[in-house]
Amino acid sequence: MATQAQENELTIDSRTGDSSVRSPLLTLPGELLAMILHEANYSRRDWLNIRLICRQLTSFINETPSFWTSISNQYQEPATLQRLERSRQTKLDVWYTYPDHPDSDPDSDSEDEDGTAFYRAILPQAYRIKTLHCDVDIQKVRKKRVCDVAVLSSQSLEELDLTHPFTTEGQVVPLRGIPFDRMPCLRELGILGVLTTDSGWWQARGLRNVEIEEGNWMPHASGFLDFLEGCPQLEKFHFFSTESEEELHAATSQAPLQPRNAIVLPNMTFFLLKSIPGLHMESIANYVSFPPDLSISLGIIDRFPVAASANDSVALTLRQLILRRSSSALTLFLDHEDVVIRSERQNWRLTFINNLPNWDPPEQAYLEFFRQLPTEISALNLSVADGGIQEGHARWLVDGLAGSGITLTNISLICRLDDEWLAALWRDDQQNDCSTFQLPGLKSLTFHVKSSSTPGHIATLKDHVSLRSAALDLLSFLSPDAKGEPTHKMQVTLVMRFPEENNLLRAALDDPTLRDLGVNVKTE
């Protein structure tokens with residue numbers, strides 16, 4: 001008689017399948033054994049090898065429905081039918097991947113190129129589909145079939161992923177008839193390169209995670225607010241529209257919203273919304289309450305500054321963002337194509353189109369830009385160092401900032417160290433035979449030392465700072481303020497990246513005179 005220890009030993013002959021001595025694995029409760037095998041995440045080939053270990057294990061796998069719930073068009077029709085039968089009434093995970101897709105199963109033996117056999121097998125069982133992943137060439141696989149499966153699985157579907165992997169940039173494949181408003185269990189939604197036009201995705205309720213690329217936006221801002229209100233457990237939201245500015249403004253309503261209660265989304269961890277009308281974004285900033293530490297990226301298709309006759313939606317959005325979030329410090333990045341405003345404390349990031357060169361007259365563009373910024377901003381970091389504005393615009397920007405009425409003691413300017421910016425900030429004063437700084441009262445001025453910067457630029461800056469410092473010291477001595485403090489001195493900083501690449505610049509930045517003048521020198 002075998003001892004207990006012998007009974008628990010794994011002595012199965014893999015060549016003959018003799019299983020007269022039981023594997024310790026088979027002494028485990030069925031639910032625990034199934035859990036272990038599921039967690040192992042075996043491939044199809046691994047499963048075939050496992051089933052060859054012994055008859056008992058083969059029988060256990062064949063009779064456990066949870067091992068047969070993954071259905072793919074990569075299998076031949078008999079294998080699909082067998083899986084549907086063995087899974088019994090368990091919920092299904094359905095994968096439809098076009099055979100030429102790079103993520104297709106290399107072991108696939110399916111010849112069902114247009115999906116006819118798979119469609120015929122899966123449709124009667126669609127009512128128990130839990131997840132549906134369609135990663136197919138929808139031009140080749142009939143679009144109606146995908147919609148039929150989605151319709152028949154609408155009551156059980158928890159995750160829907162529609163992807164057209166062969167769309168080129170700007171190309172979207174239309175797919176109509178998905179009943180988003182009749183999917184009570186849907187929690188995950190992903191759409192890429194597939195335009196759902198008839199019943200919009202925003203009619204879904206109860207979602208937790210949403211990722212939509214190249215999708216279409218809704219006609220009215222209230223539709224999106226209704227969507228957010230119907231998804232109070234929303235955790236992640238990612239949306240990027242492919243519609244042009246003209247298409248969006250033609251298709252969306254600019255009518256003001258009726259007053260409504262604030263929408264609270266306490267579980268949100270990620271929120272990205274790009275290329276929607278500014279008025280819709282203003283509604284979101286006004287009515288939606290996000291967690292205070294959430295990182296939020298917002299992209300507006302509107303151009304800024306706008307014409308005097310146009311609806312100033314960007315400025316309204318900024319004002320609502322600032323007032324709603326109680327933000328006191330913003331960073332504004334200007335470059336050739338767009339403008340980015342970030343809130344340092346609340347992690348808001350707002351992007352809109354920079355159309356300054358098209359302003360008429362162009363030299364007034366920056367003046368209008370700064371005049372439209374909300375006066376509630378108490379601290380603004382203005383960065384034109386990295387992306388940069390167009391060549392020749394530095395003088396216009398400085399003049400616009402000086403003439404806008406903005407309190408300069410709230411402004412920190414970050415720009416490049418080059419001839420253009422030095423000439424824009426310091427202008428020759430013919431009467432006094434010296435250079436005059438154009439932004440007196442500026443809180444701080446940071447120069448990024450670029451590859452185009454030279455030791456001569458650093459020397460010129462040192463001369464300007466030295467003369468200004470001497471003038472301020474004299475003014476402070478002759479006319480101190482009420483508190484006896486010296487007249488405002490602007491903080492000047494030089495930032496150099498990769499200093500090891502330019503020894504001459506490194507040596508110029510190491511000049512102790514810079515530090516004696518109070519100039520901060522940093523390397524990144």
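A nonpolar core here is a set of buried Ala, Val, Leu, Ile, Met, Phe, Trp, Tyr and Cys residues joined through side-chain atoms within 4.5 Å. Keep that handy for the exercises below, and remember that this is a predicted model.

**Exercise 1.** Find which residues touch the most other members of the largest nonpolar core.

*Solution.* Start with the core itself, which has 116 residues. Within that set, the residues touching the most other members are Trp201, Phe224, Phe227, Leu273, Leu334 and Leu425. Now pick Leu425 and skip its neighbours within four places in sequence: its contacts are Val398, Leu413, Cys415, Thr436, Phe437, Gln438, Leu439, Leu445 and Phe447. Apart from the largest core sits another one, made of eleven residues, including Cys54, Phe60, Ile61 and Phe67.

**Exercise 2.** Take Arg88 and Ser275, and work out whether each is buried, partly exposed or exposed.

*Solution.* First, place them. Arg88 is in the loop between α5 (77-86) and β2 (92-97), while Ser275 belongs to strand β11 (residues 270-276). Next, check the backbone: phi is near 55 degrees for Arg88, a positive value in a non-glycine residue, and near 65 degrees for Ser275, again positive without being glycine. Last, apply the cut-offs: buried is under 20% relative accessible area and exposed is over 50%. Arg88 has 47% relative accessibility, so it counts as partly exposed. Ser275 has 17%, so it counts as buried.

**Exercise 3.** Say which residues join Met35 in a nonpolar surface patch.

*Solution.* Begin with helix α2, residues 30-39, where you'll find Met35. Its patch partners are Leu32 and Ile36, and together the three have about 270 Å² of accessible area.

Key: Residues are numbered from 1 along each chain as its sequence is written. This is a predicted model: local features need pLDDT of at least 70, side-chain atom pairs count only at pLDDT 80 or more; totals for chains, interfaces and linings use all residues. Side-chain values use heavy atoms; hydrogens and water are left out. Patches are made of residues with over 30% relative accessible area and no salt bridge: like charges are joined within 9 Å, nonpolar side chains (Val, Leu, Ile, Met, Phe, Trp, Tyr) within 5 Å. Accessible areas come from the Shrake-Rupley method with a 1.4 Å probe; for residues, only the protein chains shown count as cover. A salt bridge is a side-chain nitrogen of Lys or Arg within 4 Å of a carboxyl oxygen of Asp or Glu. Helices (H or I, at least four residues) and strands (E, at least two) are DSSP runs, numbered from the N terminus. Buried means under 20% relative accessible area, exposed over 50%, partly exposed in between (1.4 Å probe, protein chains only). Contact means heavy atoms within 4.5 Å.
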